[in-house]
Amino acid sequence: MKSLLKTFKMGGVHPLENKERTAGLPIERFAAPKKAAIPLSMHLGAPCEPIVKKGESVRTGQKIADSDKAVSAPIHASITGTVKAIEHFNHPLGPRVRSIIIEGDGTDTWIEGVEPSLFDKDAPCEVDFSKSAEFLSKIREAGIVGMGGATFPTHIKLSPPPDKKIDTLILNGAECEPYLTADHVLMLERPRSILLGMRIMQEILKVQNVIISIENNKPDAVEAMRKAAEGYADVTIAVCQTRYPEGGEKQLINAVLGREVPSGKLPMEVGSVVQNVGTAFAVYEAVALHKPLIERVLTVTGPAIRHPKNLLARIGTPFKDILNYCGYEDQENNKVIMGGPMMGKAQKYLDVPVVKGTSGILGITAAEVVVMEHRPCIRCGQCVQACPMGLNPTLLAASVENEDMDDLLKNGLMDCMECGACAFICPSQRQLVHWIAVGKMRVKR
Ligand code: SF4
Ligand code: SF4
């Protein structure tokens, strides 16, 4: 086992980390909700179609929706009860989405073959590697998606086309978003499960080189993963500098391998696959414990939260239940954000459900909410220096404002990962990411 200290070469910023309120807190299981709204779209790719009907009884873990499209991931009941409706419901990522509404009967009866008493232990079962031919279909059937927030179906990411030779699997434990500590505590409490999930993915990809990358603000997680990886000569722990957005896929590849993913291309182009540590954990649970993705770890924190926590919550749990439990001060002009402050989405409705990509819920007080003034650009160039993708954010934003679509594409609009580093650094508080996102929507139309 080797150790490295790495970082990406272009751009980046240093926002306040604000992780101390939850970094030392254990994962607490949040009670299954009485009613769960489960969106048919909470992954990148085609939405699912329901395979249950209104009035039907469902058990926890039962598949309730699927799709025959290549890029999609099935969806499972997160509670036991009755399907009350299949209708459009509020969604934390924007417009209302067709959802399966389950009213719980309070029994939490799991599907056969799943033993819930094993869930609270680290790696309670060994993985049967003689059955590796089944791994990929088990991951698909369990509805596993990228748990870092990207929600790309994991089985697709683990199936690169035959002409793309993959030599390295990178496990992403950077968790560079301020406030969030869900991955951090998962590495502390479930290091062996994560490692076994990584071995499963390594077996599927048939790669020799495996790197676990963690920012150096989490020395205890580095130690936990290092201990779990003892005896595995092919595993490298890469301790990265704390610098935002270290956990971006392309930044991480650049940091630990020195490779650059070309514009418009995916990591497989440079022989690598990146998976989040939460995804590795979900992969382990799917393969070893036959558990579909019906819950996830998320951080609930921020200045408007009296009792910050790292919670294990069911998909479909209303934000407002979690916020009430954690003492959210629901006052006028306070804000709730899904995810971190850099890339998260502000919420209009608090009945929105936890989805597969909910890594955190932030409560921000009105005093901390910065109302962007959007003053004229002073041509300082700080946004250009901060951009980890080598883009010119002020030029992109101006092209959108001027509706100059040709220029937008020429200047790399689609390479922007909406990390927010440019808007964070801008002294004129220009809403650069907002304009870039608007530009992307116009291009896709
Ligand atoms: S939001 Fe886009 S343009 Fe702005 S810094 Fe990030 S990648 Fe660059
Ligand atoms: S950081 Fe802001 S003010 Fe400076 S060049 Fe970029 S957009 Fe203009």
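Colleague: By class, how many nonpolar, polar and charged residues are there in the lining of the second largest cavity?

Modeller: Keep in mind that this is a predicted model. The second largest cavity has a volume of about 90 Å³, and 13 residues line it. Sorted by class, that lining comes out as 11 nonpolar, 1 polar and 1 charged.

Colleague: Which residues lie nearest the centre of the second largest cavity?

Modeller: Two helices, α13 (421-425) and α14 (432-444), are the elements that give two or more residues to the lining of this second largest cavity. Nearest the centre, though, you'll want to look at Cys387, Leu391, Cys416, Cys419 and Cys422.

Colleague: And which cavity is the space taken by ligand 1?

Modeller: Start with the surroundings: ligand 1 has Cys387, Cys416, Cys419 and Cys422 among its neighbours. Those four names also turn up among the residues nearest the centre of the second largest cavity. The space ligand 1 takes is indeed the second largest cavity.

Colleague: How do the residues of the shell around ligand 1 divide by class?

Modeller: Go through the neighbours: they include Pro388, Met389, Pro393, Met417, Ala421 and Ile436. Glu418 and Gly420 are in the shell too, and Glu counts as charged while Gly counts as polar. The division is 10 nonpolar, 1 polar and 1 charged.

Colleague: What about ligand 2, how does its shell split by class?

Modeller: Its surroundings include Cys377, Cys380, Cys383 and Cys426, along with Ile378 and Pro427. Arg379 and Arg430 are there as well, as are Gly381, Thr394 and Ser428. By class that gives 6 nonpolar, 3 polar and 2 charged.

Colleague: Moving on, which element gives the largest share of the lining of the largest cavity?

Modeller: The whole structure has 3 cavities of 30 Å³ or more, and the largest holds about 170 Å³ of space. Its lining has 17 residues, with Met147, Phe281, Glu295, Arg296 and Val297 closest to the centre. The elements giving two or more residues are α4 (182-189), α8 and β14. The largest share, 4 residues, comes from α8.

Colleague: Between which domains does the largest cavity lie?

Modeller: By class, its lining has 11 nonpolar, 1 polar and 5 charged residues. Lining residues come from two domains, so the largest cavity lies between them: domain 1 (2-27 + 135-289) and domain 3 (295-368).

Colleague: Any backbone oddities? Where is the place of Pro245, and is the peptide bond from Tyr244 cis or trans?

Modeller: Most peptide bonds are trans. Pro245 sits in the loop between β12 (235-240) and α7 (249-257). With omega near 0 degrees, the bond from Tyr244 to Pro245 is cis.

Colleague: Is Asn18 buried, exposed or partly exposed?

Modeller: Asn18 is in the loop between β1 (2-6) and α1 (20-23). Phi there is near 50 degrees, positive in a residue other than glycine. Buried would need under 20% relative accessible area and exposed over 50%. Asn18 has 25%, so call it partly exposed.

Colleague: And what is the relative accessible area of His290?

Modeller: Most residues other than glycine have a negative phi. His290 isn't a glycine, yet its phi is positive, about 60 degrees. You'll find His290 in the loop between α8 (277-289) and β14 (295-301). His290 is partly exposed, with a relative accessible area of 41%.

Notes:
Residues numbered from 1 in each chain as written. Chains lettered and ligands numbered in written order. Predicted model: local features only at pLDDT ≥ 70, side-chain atom pairs only at ≥ 80, totals over all residues. Heavy atoms only, no water. Near = heavy atom within 4 Å. 1 Å grid on protein atoms, 1.4 Å probe; cavity = no way out; pocket = protein on both sides within 12 Å on 5 of 7 lines; lining within 4 Å. Sits in = over half its atoms within 2 Å of the grid points. Buried < 20%, exposed > 50% of the residue type's maximum accessible area, 1.4 Å probe, protein only. Points joined across faces, edges and corners; volume = space filled by probe spheres on them. Domains from an automatic or database assignment.
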